[in-house]
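Subject: Structure handover

Hello,

Please find the structure below, handed over for your own work. My notes on it come after.

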There are 6 protein chains.
Amino acid sequence: MSKRIAAFGEVMMRLQVPGHELLSQGSLLKYSFSGSGVGVLSALARYGHRGSLVTRLPANPVGDAALAGLRRLGIDSEDIQRGGNSLGIYFLENGFGARPGRVTYSGRAGSSFNTAPPGAYPFAELADKADAVHFCGITLAMNEGVSRAMKTYAEAVKRRGGLVIFDCNYRPSLWGEGSYELARPHYEEMLQLADIVLMNEKDAIHILGMNTVKEQREEQLLELIPAVAARYSLCTVAGTHRVLHGDNRHSLRGYIYKADSFAFSDTLTFSVLDRVGAGDAYASGIIHGELEGFDPQHSVSFAAAAGMLAHTVEGDSPMASEQDVFAVLAGTVRDVQR
Amino acid sequence: MSKRIAAFGEVMMRLQVPGHELLSQGSLLKYSFSGSGVGVLSALARYGHRGSLVTRLPANPVGDAALAGLRRLGIDSEDIQRGGNSLGIYFLENGFGARPGRVTYSGRAGSSFNTAPPGAYPFAELADKADAVHFCGITLAMNEGVSRAMKTYAEAVKRRGGLVIFDCNYRPSLWGEGSYELARPHYEEMLQLADIVLMNEKDAIHILGMNTVKEQREEQLLELIPAVAARYSLCTVAGTHRVLHGDNRHSLRGYIYKADSFAFSDTLTFSVLDRVGAGDAYASGIIHGELEGFDPQHSVSFAAAAGMLAHTVEGDSPMASEQDVFAVLAGTVRDVQR
Amino acid sequence: MSKRIAAFGEVMMRLQVPGHELLSQGSLLKYSFSGSGVGVLSALARYGHRGSLVTRLPANPVGDAALAGLRRLGIDSEDIQRGGNSLGIYFLENGFGARPGRVTYSGRAGSSFNTAPPGAYPFAELADKADAVHFCGITLAMNEGVSRAMKTYAEAVKRRGGLVIFDCNYRPSLWGEGSYELARPHYEEMLQLADIVLMNEKDAIHILGMNTVKEQREEQLLELIPAVAARYSLCTVAGTHRVLHGDNRHSLRGYIYKADSFAFSDTLTFSVLDRVGAGDAYASGIIHGELEGFDPQHSVSFAAAAGMLAHTVEGDSPMASEQDVFAVLAGTVRDVQR
Amino acid sequence: MSKRIAAFGEVMMRLQVPGHELLSQGSLLKYSFSGSGVGVLSALARYGHRGSLVTRLPANPVGDAALAGLRRLGIDSEDIQRGGNSLGIYFLENGFGARPGRVTYSGRAGSSFNTAPPGAYPFAELADKADAVHFCGITLAMNEGVSRAMKTYAEAVKRRGGLVIFDCNYRPSLWGEGSYELARPHYEEMLQLADIVLMNEKDAIHILGMNTVKEQREEQLLELIPAVAARYSLCTVAGTHRVLHGDNRHSLRGYIYKADSFAFSDTLTFSVLDRVGAGDAYASGIIHGELEGFDPQHSVSFAAAAGMLAHTVEGDSPMASEQDVFAVLAGTVRDVQR
Amino acid sequence: MSKRIAAFGEVMMRLQVPGHELLSQGSLLKYSFSGSGVGVLSALARYGHRGSLVTRLPANPVGDAALAGLRRLGIDSEDIQRGGNSLGIYFLENGFGARPGRVTYSGRAGSSFNTAPPGAYPFAELADKADAVHFCGITLAMNEGVSRAMKTYAEAVKRRGGLVIFDCNYRPSLWGEGSYELARPHYEEMLQLADIVLMNEKDAIHILGMNTVKEQREEQLLELIPAVAARYSLCTVAGTHRVLHGDNRHSLRGYIYKADSFAFSDTLTFSVLDRVGAGDAYASGIIHGELEGFDPQHSVSFAAAAGMLAHTVEGDSPMASEQDVFAVLAGTVRDVQR
Amino acid sequence: MSKRIAAFGEVMMRLQVPGHELLSQGSLLKYSFSGSGVGVLSALARYGHRGSLVTRLPANPVGDAALAGLRRLGIDSEDIQRGGNSLGIYFLENGFGARPGRVTYSGRAGSSFNTAPPGAYPFAELADKADAVHFCGITLAMNEGVSRAMKTYAEAVKRRGGLVIFDCNYRPSLWGEGSYELARPHYEEMLQLADIVLMNEKDAIHILGMNTVKEQREEQLLELIPAVAARYSLCTVAGTHRVLHGDNRHSLRGYIYKADSFAFSDTLTFSVLDRVGAGDAYASGIIHGELEGFDPQHSVSFAAAAGMLAHTVEGDSPMASEQDVFAVLAGTVRDVQR
């Protein structure tokens with residue numbers, strides 16, 4: 001059954017050098033508009049839900065282009081504010097084999113989203129309009145203003161009985177020196193409000209400062225995630241373990257923890273076309289499972305397959321339909337579909 | 001020695017999204033003109049034969065473009081009729097790894113080829129001009145008119161002593177409900193007329209309704225193909241078994257049955273660039289072998305190598321020269337040719 | 001004040017050869033999705049209204065792409081039906097100077113829109129949702145089914161007190177032999193239902209069979225349009241006179257007839273980048289003026305300026321904001337805007 | 001009625017920087033294959049004749065590409081020899097307004113055509129196959145070998161009663177110092193063999209060393225061309241006067257001299273998209289008129305219109321059909337053709 | 001004789017939508033690196049001088065690309081500092097006819113150049129290395145730091161006897177409210193240091209607050225420029241008057257004031273391909289004339305022709321050689337150069 | 001510590017069909033400028049050295065573009081001569097999997113570099129300007145003139161105490177029949193002058209005619225390279241063994257011989273994006289190690305990693321920084337760098 005989902009987060013302009021050239025070799029950039037919330041809503045729209053983005057875009061041609069790009073993905077635009085001067089930009093140079101891809105950020109601090117004044121969003125009203133709202137840890141790292149706005153919105157959602165979804169999405173480069181200590185209280189505030197959380201054992205250890213004597217990732221996960229869920233009264237916790245192979249292939253295994261028990265997906269190994277944004281596809285799979293009442297094993301399998309597929313499409317935003325994900329779960333290697 | 005080959009079949013306009021975007025992401029389409037007969041003649045022209053396409057194109061700029069495209073491939077255009085309004089179109093979205101490619105057909109039923117009036121082609125005259133003529137099972141599925149035209153042409157060729165080549169090329173999606181029963185009499189008519197037939201054991205079982213207690217594909221093939229050859233007095237029967245791997249690689253093994261015995265190619269495993277049309281390259285290899293009097297083992301090896309190479313070029317139409325195929329058969333892995 | 005506008009009409013896939021090559025020279029096509037209703041809603045969305053398209057798209061990747069393209073233009077997609085197999089396509093080769101551009105249609109008769117079964121649209125419900133609905137004469141030419149559907153929808157709108165907008169948009173090539181007699185009763189039915197009509201004196205003479213002894217277009221217009229308005233009780237009639245110059249420039253003069261009097265725009269002369277769809281921009285300007293209560297002189301000036309600007313953007317769909325049109329009306333030649 | 005035409009001449013590879021960048025700014029080149037003979041045959045094929053190119057291409061991938069390109073234009077390839085190592089290349093940077101375009105030649109001296117050994121072509125046999133053969137003055141400037149081959153071919157055509165067409169096409173940069181004296185005997189030899197000649201009064205004065213006291217180009221033409229025709233017993237002489245305007249427009253006026261009288265086309269003034277090769281379109285118009293028996297006034301008007309249209313298409317080779325040229329002659333400014 | 005020129009200024013990343021699409025329509029951006037100083041040095045390098053840019057680029061892939069782009073233009077890179085995080089960006093949408101182009105700035109305030117710390121440049125050492133240094137008024141508008149740095153550099157150049165060139169380049173949008181008063185003292189400081197100044201009567205009136213009772217621009221110029229030159233002891237003052245026509249053409253007339261007398265170029269009228277940066281080409285022509293000792297009439301004609309040519313190339317940076325400019329001055333309309 | 005390096009060699013224009021099309025399928029070519037010396041200097045510039053190319057480019061737009069391309073790579077252009085008419089060109093068609101890539105040369109014999117007259121370069125002066133000069137065996141194969149010039153330059157460098165680096169780079173196709181005997185004396189002359197030599201055991205056997213009873217490549221290497229080093233008093237000898245796998249992957253193992261002992265890199269196996277020019281990256285790694293005083297094991301590991309990375313970038317010229325190579329040596333498989 002179709003649900004109304006909102007997401008609060010920054011829209012980035014992605015400027016990608018096509019093919020395999022470096023910025024110092026090329027002359028063209030492919031542009032698109034993305035972000036963690038954008039990716040989640042793009043996926044959920046393809047699964048039949050209505051998704052509305054809560055963000056702020058400049059009232060200029062770049063903002064117009066972002067708006068058109070979001071609508072093209074099937075995202076509703078009626079809750080988008082216009083103001084400020086610019087979008088955060090990231091340049092992407094694709095890697096190949098032994099050469100890793102590179103992301104270079106530009107102008108993020110001064111973006112329309114990150115400079116929104118207090119009261120820029122009607123959070124109370126927005127909280128009434130959605131069954132669930134997605135928040136992302138990246139926003140916490142930006143500045144006091146957006147961090148505060150995000151918590152205000154989450155509180156309003158919580159108060160009105162909506163689902164608060166929080167993806168920890170910790171990025172060390174955004175927090176700077178002594179970063180974990182800086183980040184911890186912000187993350188704890190959000191975890192207090194959250195119902196569904198995306199994270200894994202590393203977040204528990206580093207951000208939340210939890211301890212374990214276990215050395216294997218899997219064992220750490222089994223020990224720490226139930227503790228996190230208990231401490232913050234979380235309904236559902238989910239995440240992935242990823243392994244990178246040297247030949248352009250990754251392996252992914254998803255987990256979900258709910259009602260005191262774990263479920264795991266198969267370990268999927270696959271070729272990667274476009275790495276960025278695939279984590280949001282996994283998150284969307286979990287969210288869809290929760291909204292639709294999938295049993296946890298089905299949710300985690302669905303999410304892992306959705307995550308895998310997101311590595312095989314261009315751009316940051318998932319494009320697979322529910323049917324596409326089910327076809328992967330059915331498991332046959334398939335020829336061109338006619 | 002150069003032979004005169006004709007092919008009767010539809011020219012499709014292929015509209016491919018470049019790279020790996022979906023139709024809902026992109027803005028450009030690469031266009032080219034192809035079809036089963038087109039592919040066979042393109043290959044045979046590269047092996048030194050003269051190939052003439054018997055088809056019908058609209059007398060408008062789209063038809064002009066198709067004509068130019070066919071000529072560019074080295075195909076003679078003097079037997080092409082002009083009339084009707086449009087070409088059948090297919091949209092192609094490339095797959096990547098775990099995500100299969102997609103083909104979407106558009107406007108095929110109303111194409112100039114499929115709406116040709118009776119008498120549109122001078123079949124008697126055409127039958128005199130070719131040493132061999134290639135027909136394709138896809139044409140049988142279109143409508144009564146083209147199906148009838150095809151058989152008329154084949155009968156004329158047979159009557160005048162030309163070789164009738166028939167590629168079963170059964171496409172379930174084109175026949176609809178109860179399809180095998182619908183298709184059977186049409187296929188039987190063509191097999192009665194044919195000298196060289198492309199098919200495998202699945203066609204024997206499903207289209208011709210033959211039975212076997214064997215369970216292995218190879219065993220079924222060994223049992224059924226001789227029976228088919230006997231029933232329809234075929235000179236040569238050939239085909240392939242294909243296996244899809246999950247990582248963008250396919251395996252291909254060709255067989256040929258002639259003069260009461262089988263020959264098989266090695267199983268070739270290779271990376272796939274462009275899947276569509278590769279079957280026609282295999283068929284062309286078999287036809288070339290037959291026209292040149294290769295011994296069956298050489299024919300089937302040549303055809304399998306030609307089929308493999310066709311997966312490594314852009315577009316539906318084979319581009320490899322006889323020399324290119326021989327280089328593959330020689331078997332060394334090769335660096336850039338300077 | 002923002003109004004809710006709907007438009008009923010076919011979505012075409014435009015396949016344009018980029019630059020100035022012919023189809024027989026090129027290898028790429030730029031694709032986009034357009035149509036008379038699409039253009040009108042694209043313009044009105046930029047003027048601040050909400051526009052929803054009532055049409056039928058195939059439930060396949062081509063239909064998905066069309067949906068994404070419409071949403072990107074700012075058009076609401078919630079009233080779009082999915083079904084059928086394909087879109088009508090038109091190929092566009094740009095002209096240059098003495099060489100005219102060429103449009104080649106393909107597969108329009110079998111499109112999802114033109115093959116919609118009776119009852120495909122919930123017209124009563126739709127009629128309740130819009131303040132005004134736009135209909136186009138091209139739809140009348142398609143077949144009995146869509147023609148009937150269109151009138152049903154217009155009647156429902158009329159009955160519920162919505163505005164019925166009808167653009168005559170007569171295309172001789174679509175009606176065939178004896179076309180005016182064939183078309184007349186259909187046009188008369190629509191005119192009986194319409195409030196705002198886009199047409200000029202040629203439509204009155206040819207489609208409606210009206211007579212005049214005047215020889216000048218302007219005189220004919222002044223005589224016939226009031227007669228048409230009276231005969232069909234039209235609130236507003238508007239249209240343009242266009243003159244083509246040999247050097248890639250056109251001249252355009254708009255008229256509006258309302259409350260028994262005419263108003264005319266200046267004759268605008270301008271260079272043309274993209275000719276197709278500019279008529280819909282003029283119509284949108286008139287509609288916007290009517291919805292906003294502009295005085296007729298302002299409406300016709302706004303519409304003509306909007307029409308001119310639509311010749312200066314790529315694609316069929318108007319992209320100018322209300323502010324952009326006002327800047328043209330202000331009349332200064334402008335340098336790059338920084 | 002369709003005639004068999006041959007042309008003897010070099011195929012050049014055109015490497016054009018797309019758009020308006022310079023070679024030192026860009027990164028892509030558009031490639032195509034052209035030449036004076038190629039252009040003439042491309043035009044004549046569109047007027048319904050069969051055209052076969054007599055040239056020499058390298059037996060490597062560049063030669064294969066040239067062959068495919070010629071066939072795509074509708075040119076027959078059966079008389080093309082393969083050998084040597086390379087094609088002559090020219091780089092083209094488009095001009096804009098006050099900035100002229102630039103052509104840079106590369107590797108022409110060593111091309112397969114210009115290094116063909118004696119006996120490379122079966123001229124006697126070729127002379128039997130064509131109703132008329134086109135030769136170009138550029139070939140005379142290359143080297144002794146090709147110059148000799150060209151005359152041998154022209155003699156064979158003359159001997160067998162075919163039409164010899166000669167386009168003077170004098171290029172000062174190819175002849176170097178004291179060039180007119182060097183060129184004169186070669187041109188005289190060809191004029192002795194020719195039936196139809198393309199030239200104007202400048203060629204008479206400079207190449208043939210004829211004198212006149214007239215100062216106006218038109219007067220010089222009227223005096224000298226009859227003298228040339230008489231001296232060399234020419235059936236038809238034709239050519240153009242071109243004027244360049246500063247704003248990307250040219251004016252063209254054609255003349256034809258036949259049976260002791262002149263006919264002139266209107267002076268056509270038009271915008272220029274692609275300047276190179278337009279002279280061959282004019283020549284083709286004259287040749288078509290002669291082959292079809294147009295009266296001289298019709299021929300020269302047709303040729304001038306064909307020449308004008310050739311400035312409006314991409315590439316060196318004319319693409320207009322006879323119908324397209326007639327439409328220009330009919331003289332109405334036309335909107336997009338639907 | 002080749003001189004050593006430096007320029008101090010910001011490098012911008014230009015992101016241009018190719019062709020005529022808007023940002024909300026397209027998917028690709030063409031990128032290049034430009035700026036006022038970049039344009040001047042690019043032009044002077046083509047006139048045979050050595051030009052070195054003094055600026056600050058980020059030490060990341062975007063900065064690497066900028067460096068490569070500057071070197072490609074023939075600009076020396078040894079005086080470029082690396083540091084900070086980003087480049088200022090501007091998005092460019094091309095206009096067409098009645099639709100003006102649009103520039104949207106992004107992230108300029110936080111650019112590496114505009115956030116350079118005090119002492120980032122070794123100005124004393126740099127002042128020793130150049131015969132002349134170019135400064136631009138845009139830099140004054142950025143912030144106190146760069147404004148201060150610029151004056152420090154200019155003082156060092158002055159002290160060591162180098163030429164100080166100052167282009168007023170006043171941009172209202174950069175100075176905000178009460179802008180002229182804000183700007184005046186900064187401009188006065190620079191004028192005190194300058195030898196060659198680019199400006200016109202509007203700068204005198206608005207920035208310097210000078211008065212005149214004349215109403216014609218030309219009369220104002222004749223009155224005010226000598227007064228400016230006298231007040232600030234300027235050696236040379238030069239500038240242009242520009243008129244925009246509605247049809248994509250501009251008119252340009254240059255002036256130079258030197259040794260108490262004026263010289264004017266012809267009024268040049270021409271089609272515009274790329275407007276941005278053409279002012280720097282005019283300035284470079286003046287500078288070249290001064291460095292080479294052209295007489296003022298020759299300088300101003302050269303500069304105007306160089307300015308005109310800069311409108312006919314892609315990108316912000318002039319690409320014409322001295323020979324190209326001389327060819328324009330010679331005045332013949334020219335065909336493709338072979 | 002930054003050193004001054006020069007390289008003497010031809011600049012080729014690379015014309016690559018983008019993607020995987022053949023020349024006979026495509027319409028666009030990507031152009032860039034490369035060569036053995038270009039590649040070496042590009043790499044060394046990225047390692048912090050100053051590199052200046054000694055070559056000859058035509059004084060036309062193609063030469064200007066080459067100059068701009070070299071500067072873009074970070075190569076100094078002040079020692080480049082201008083003259084002659086053209087560049088050598090090579091066409092590149094990318095291979096895919098079982099289909100090898102193809103290189104077709106065009107017009108190399110007549111290039112500006114290969115037709116430089118005696119005295120075209122001031123070798124004595126150039127020898128003073130560089131710490132080390134790189135020479136390439138390909139130059140020996142061109143003609144007597146360039147071969148002589150190269151030795152003259154190498155002698156001047158040797159005489160003044162600079163390092164002479166010689167990469168054997170033997171290309172059988174350039175020497176023709178009886179090639180080894182023809183080549184031997186030239187190679188021996190260069191080896192007499194050289195300090196650092198790039199070669200392996202095959203060069204010793206074939207070019208130098210040395211014998212060995214060993215059958216394994218490794219054993220041959222261990223026996224022959226010390227003998228070569230002794231015979232020609234070489235300081236350092238280095239090279240690689242390459243193995244091609246069928247699936248687009250290569251394996252590479254580097255060796256260095258210095259001070260009587262060998263060091264070997266690991267055998268690296270990796271996917272190949274662009275094969276051409278990777279050998280120059282290995283050579284540059286060795287040269288960098290020698291210039292910086294790396295110990296031999298570090299040099300050979302660095303060179304092999306640099307060689308591997310050069311297979312992963314577009315174009316012939318290495319683009320990796322020293323930091324990029326060190327990151328590979330550190331050995332972790334890395335995700336996108338943010």
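What follows covers the relations between copies, a sheet, and one helix pair.

This is a predicted model, in which local features need pLDDT of at least 70, side-chain atom pairs count only at pLDDT 80 or more, and totals for chains, interfaces and linings use all residues. Residues are numbered from 1 along each chain as its sequence is written, while chains are lettered from A and ligands numbered from 1 in the order in which they are written.

Chains A and B

Two copies of a chain are related by a rotation about an axis and a shift along it. A turn of 120° with a shift of 0.0 Å along the axis lays chain B on chain A, at an RMSD of 0.0 Å (least-squares superposition on the C-alpha atoms of residues with pLDDT of at least 70 in both copies). That is the relation of a three-fold axis. Within chain B, Gly19(B) has the C-alpha nearest the axis, at 5.2 Å from it.

In this pair, 22 residues of chain B are in contact with 17 residues of chain A (contact: C-beta atoms, placed from the backbone, within 7 Å). The side of chain B that touches chain A comprises 7 nonpolar, 10 polar and 5 charged residues. Here Ala, Val, Leu, Ile, Met, Phe, Trp, Tyr, Cys and Pro count as nonpolar, Asp, Glu, Lys and Arg as charged, and the others, Gly among them, as polar.

Chains A and E

For chain E, a turn of 180° and a shift of 0.0 Å along the axis give an RMSD of 0.0 Å on chain A. The two copies are thus related as by a two-fold rotation axis. The same surface serves both copies, since 100% of the contact residues of chain E recur in chain A.

Here 24 residues of chain E are in contact with 24 residues of chain A. On the side of chain E that touches chain A, at least two residues each come from β3 (28-34), α2 (61-72), β7 (88-93) and β8 (102-106) of chain E. Helices (H or I, at least four residues) and strands (E, at least two) are DSSP runs, numbered from the N terminus. The most comes from α2(E), with 5 residues. By class, this side of chain E has 12 nonpolar, 8 polar and 4 charged residues.

Strand β3 (residues 28-34) of chain A runs antiparallel to β3(E), joined by 3 bridges (strands pair if DSSP finds at least two bridges between them). Lys30(A) has Leu28(E) as its bridge partner in β3(E).

The sheet of chains B and C

An open sheet of 8 strands has the order β8(B)-β7(B)-β2(B)-β3(B)-β3(C)-β2(C)-β7(C)-β8(C), with mixed pairing. Its edge strands are β8 (102-106) of chain B and β8 (102-106) of chain C, each pairing on one side only. From one strand to the next the twist averages 30° (axes are lines fitted to C-alpha atoms, for helices over the stretch in contact, and angles run from 0 to 180 degrees between N-to-C directions).

Within chain C, strands β2 (residues 12-17) and β3 (residues 28-34) pair in the antiparallel sense over 5 bridges. Opposite Met13(C) stands Phe33(C) in β3(C).

A helix pair in chain D

Helices α1 (residues 36-46) and α10 (residues 278-292) of chain D pack at about 50°, their axes 9 Å apart. α1(D) and α10(D) are therefore oblique to each other (under 35 degrees counts as roughly parallel, over 145 as roughly antiparallel, 65 to 115 as roughly perpendicular and the rest as oblique).

Regards

Technical notes:
Contact = placed C-beta atoms within 7 Å.
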